[in-house]
Amino acid sequence: DRERQSVGLEHEEMLEKALEAMDIPFETENDLRIKGTARTPDVLLSTPVGMKVPKRSSTRRKLLMDENDGHLSKRKSTSSEDGEEEYEWKVVCWIDSKAMFGDVQTHNNSVLP
């Protein structure tokens, strides 16, 4: 359990550093607990941000863990008839980092419905 907690905290720190490097303002889980917030994601973005992501479809992109570096990578791309990627915008308000949460199959089937 200590190792899992350590890995989780390490990834939360990496997330915070990445957001700081991009000048994205946020509050940490500890900041939210001090305020007495009922729900405490790892980071709550001070201002929601938009992300351009591939559109969901029956042939949508599947994400798999890249065995070489542990990062998510694309397995299959979704293209429109004219050969261009189809995208949509999603609003992100908070992020909860789960460094040791589930496996790839569970993530693809449950987290990315």
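**A walk through the predicted fold**

Lys-35 comes out as exposed, with a relative accessible area of 57%. That is a handy place to start, bearing in mind that the model is a predicted one. The side chain of Lys-35 meets that of Glu-27 in a salt bridge, with 2.7 Å from N to O. The structure holds 4 salt bridges, and others turn up further on.

Stepping back to the whole chain, there are 3 helices and 5 strands. Going along the sequence, they come in the pattern α-β-α-β-β-β-β-α. The chain has 113 residues, and 17% of them count as buried. About 8,900 Å² of the chain is exposed, with carbon and sulfur atoms supplying 50% of that area. As for who touches whom, take the contacts between residues at least 6 apart in sequence: 54% of these join residues at least 24 apart.

Next comes the sheet. Three of the strands are lined up in the order β1-β2-β5, making an open sheet of 3 strands with antiparallel pairing. Strands β1 and β5 (residues 87-95) sit at the edges with a single partner strand each, so one side of each has no neighbour in the sheet. From one strand to the next, the twist averages 45°. In general, strands of a sheet pair through backbone hydrogen bonds, in either a parallel or an antiparallel fashion. In the present case, β2 and β5 run antiparallel and are joined by 8 bridges. One pairing to look for is that of Val-43, whose bridge partner in β5 is Ile-95.

Val-43 also belongs to the largest nonpolar core, a set of 7 residues. The other members are Leu-15, Leu-19, Ile-24, Phe-26, Val-92 and Leu-45. Helix α1 and strand β2 (residues 43-54) each supply at least two residues of this core. Leu-45 is a good member to follow: leaving out residues up to four places away in sequence, it touches Leu-19, Ile-24, Phe-26 and Val-92, along with Pro-25, Cys-93 and Trp-94.

What about the stretch of chain between α1 and β1? Pro-25 is found in this loop. Its relative accessibility is 46%, so Pro-25 counts as partly exposed. Beyond its neighbours within four places in sequence, Pro-25 is in contact with Leu-45, Ser-46 and Thr-47. Pro-25 and Val-43 are 18 residues apart in sequence, and their C-alpha atoms are 9.6 Å apart in space. The loop between α1 and β1 holds Asp-23 as well. The phi angle of Asp-23 is near 55°, a positive value in a residue other than glycine. Asp-23 counts as exposed because its relative accessibility is 68%.

Past the loop, strand β1 includes Thr-28. At 16% relative accessibility, Thr-28 falls under the 20% cut-off and therefore counts as buried. Setting aside neighbours within four places in sequence, Thr-28 has contacts with Glu-16 and Asp-42. Asp-42 shows up again in the surroundings of Glu-12, a residue of helix α1 (residues 2-21). Besides Asp-42, Glu-12 is in contact with Glu-29 and Ser-97, again leaving aside neighbours within four places in sequence. Is Glu-12 buried or exposed? With a relative accessibility of 17%, Glu-12 counts as buried.

Back to the salt bridges, helix α1 has one as well. The side chains of Lys-17 and Glu-13 meet there, with 3.2 Å from N to O. The two residues are 4 apart in helix α1, which means that about one helical turn separates Lys-17 from Glu-13. Glu-13 is partly exposed, at 44% relative accessibility. A further salt bridge joins the side chains of Glu-88 and Lys-90, with 3.8 Å from N to O. Both ends of this salt bridge count as partly exposed: Glu-88 has a relative accessible area of 25%, and Lys-90 is at 34% relative accessibility.

Methods. Residues numbered from 1 in each chain as written. Predicted model: local features only at pLDDT ≥ 70, side-chain atom pairs only at ≥ 80, totals over all residues. Heavy atoms only, no water. Buried < 20%, exposed > 50% of the residue type's maximum accessible area, 1.4 Å probe, protein only. Contact = heavy atoms within 4.5 Å. Core = buried A, V, L, I, M, F, W, Y, C linked by side-chain atoms within 4.5 Å. Pairing = 2+ DSSP bridges. Axes fitted to C-alpha atoms, helices over the stretch in contact; angles between N-to-C directions. Areas by Shrake-Rupley, 256 points an atom, 1.4 Å probe, with all protein chains shown as cover.
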